[in-house]
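Subject: A structure to look at

Hello,

Here is the structure I promised to hand over. Please open it first, and then read my notes below with the view beside you.

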Amino acid sequence: MVLSRSRFLSCLMASAMALAVASVHAQAPAYPDHAIKLVVPFAPGGATDILGRLLATGLSEKLGQPVVVENRPGAGTVVAGGLVAKAPPDGYTLLLGASTTLTLNPAIRASLPYDPLRSFTPLGLVSDMGLVLVVNNDVPVRSLKDLVALARAEPDKLSYGSFGTGASVHFGGEMLKTATGMRMVHVPFNGSSPSLTALMGGQVQVAVDTVVATTPLIKAGKIRPIAALGAQRLPLLPQVPTVAESGYPGFAMDTWFAFLAPAGLPAPIQKKLEKALGDTMADPVMQKKLVDIGLSPAWGPGSALQERIERELPRMRAVAARSDIRVD
């Protein structure tokens with residue numbers, strides 16, 4: 001059978017296009033073919049920076065390319081979040097985000113350079129950092145029940161310190177007040193160190209802070225732990241009951257960390273990064289390292305991260321509205 005000229009030309013063009021597409025795919029470099037940047041929204045040296053560097057090393061081993069940490073602290077993780085949201089969605093710029101980035105900032109800031117649900121491709125949850133309610137040693141309480149009784153007997157006489165307005169510990173303190181009916185005055189400080197120094201010195205009687213910051217002082221006998229705010233007891237402080245165990249079932253407040261990429265990340269790259277991250281988090285050596293610095297491994301895929309943001313964001317907005325927590 002003889003092909004018509006038009007049909008022959010159509011077949012020829014289709015073959016040429018197929019060859020061109022195949023050639024492009026053949027020439028496209030496999031991801032990743034050069035170093036990846038991991039933006040960490042915290043200053044060097046702290047537990048969250050250590051977390052970023054540990055995971056960067058693990059991902060580098062799984063992906064076969066260097067993963068380089070770039071510290072971009074500022075404005076409660078807003079600086080780093082905005083930077084990554086605007087980066088090309090090619091898999092070469094990633095973010096170690098936090099609950100602050102994704103559920104607290106949107107609840108307290110009228111304007112952000114990113115949207116927590118639309119500006120990022122979620123890659124996975126990696127860890128939780130527990131929060132702890134602590135008191136000055138001279139405060140005559142040994143349990144949350146005791147503290148609630150004291151606060152109710154002398155409303156607004158107790159002050160609680162936090163490491164900043166709108167921080168996770170501020171939210172935790174206000175949630176405690178609502179759950180227990182305690183009336184305490186919030187005193188924000190610029191960081192854990194001045195907050196806990198004020199607690200030890202008696203300038204505030206109570207504080208909410210991270211397990212990482214409080215554990216050395218607790219073990220040295222300088223402050224007294226009352227309750228862990230999360231759903232589970234903390235590996236570093238297993239003797240400290242949770243708020244839920246102390247008479248307030250369902251109470252839970254942690255700070256948590258997650259991996260994200262800019263929105264629009266191609267599905268094959270997303271899948272590869274998610275698998276590499278999951279494999280890294282499954283390593284028992286990695287898990288032990290996280291526990292040793294006060295973090296609780298909490299791996300969940302990108303879908304779990306998306307669900308957590310969607311679940312917690314309305315709750316945090318409600319807490320902010322009820323307690324009038326605002327930054328702008």
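**What I found**

Let me begin with one pair of charged side chains: those of Asp279 and Lys275 meet in a salt bridge, at 2.7 Å from N to O. Both residues belong to helix α9 (residues 267-282), where they sit four residues apart, about one turn of the helix. Please keep in mind as you read that this is a predicted model.

How open are these two residues to the surroundings? Asp279 has 33% relative accessibility and counts as partly exposed, while Lys275, at 54%, counts as exposed.

**More salt bridges**

In general, side chains of opposite charge can pair when their charged atoms come close. A search of the whole structure turns up twelve salt bridges, and I picked out a few for you.

One of them joins the side chains of Arg308 and Glu312, at 2.9 Å from N to O. These residues are four apart in helix α11 (residues 302-323), so about one helical turn separates them. As a general point, an α-helix has 3.6 residues a turn, so residues three or four places apart point the same way. Are Arg308 and Glu312 buried or exposed? Arg308 has a relative accessibility of 13% and counts as buried; Glu312, at 10%, is buried as well.

Another salt bridge brings together the side chains of Glu245 and Arg233, again with an N to O value of 2.9 Å. Glu245 and Arg233 each lie in the loop between β9 and β10 (255-262), so their pairing ties together parts that are twelve residues apart in sequence. Glu245 is partly exposed, with a relative accessible area of 49%, and Arg233 is partly exposed too, at 38%.

There is also a network of salt bridges, which links Lys37, Glu70 and Arg72.

**The sheet and its helices**

Next, have a look at the open sheet of five strands, which run in the order β7-β6-β8-β5-β9 with mixed pairing. Its edge strands are β7 (185-188) and β9 (223-228), each of which pairs on one side only. On average, neighbouring strands of this sheet are turned by 30° against each other, if direction is ignored.

How do β6 and β7 pair? Strand β6 (residues 159-162) pairs with β7 in the parallel sense, over four bridges. If you would like to find a bridge yourself, start at Tyr160, whose bridge partner in β7 is His186.

Two helices to view together with these strands are α6 and α7. Helix α6 (residues 168-180) lies across β5 (131-136), β6, β7 and β8 (206-210), and runs at about 150° to β6. Helix α7 (residues 192-201) packs on the sheet and touches β5, β6, β8 and β9. The direction of α7 makes about 145° with that of β8.

**One more helix**

Finally, please look at helix α2 (residues 47-63). With 17 residues at 1.5 Å a residue, α2 should span 24 Å, and its end C-alpha atoms are indeed 24 Å apart. Many positions in α2 are buried, among them Ala47, Leu51, Leu55, Leu59 and Leu63. Just after α2 comes Gly64, which takes a positive phi of about 80°.

Enjoy exploring, and do write back with any questions.

Best wishes

Conventions:
Residues numbered from 1 in each chain as written. Predicted model: local features only at pLDDT ≥ 70, side-chain atom pairs only at ≥ 80, totals over all residues. Heavy atoms only, no water. Pairing = 2+ DSSP bridges. Axes fitted to C-alpha atoms, helices over the stretch in contact; angles between N-to-C directions. Contact = heavy atoms within 4.5 Å. Salt bridge = Lys/Arg side-chain N within 4 Å of Asp/Glu carboxyl O. Buried < 20%, exposed > 50% of the residue type's maximum accessible area, 1.4 Å probe, protein only. Expected span 1.5 Å × (residues − 1).
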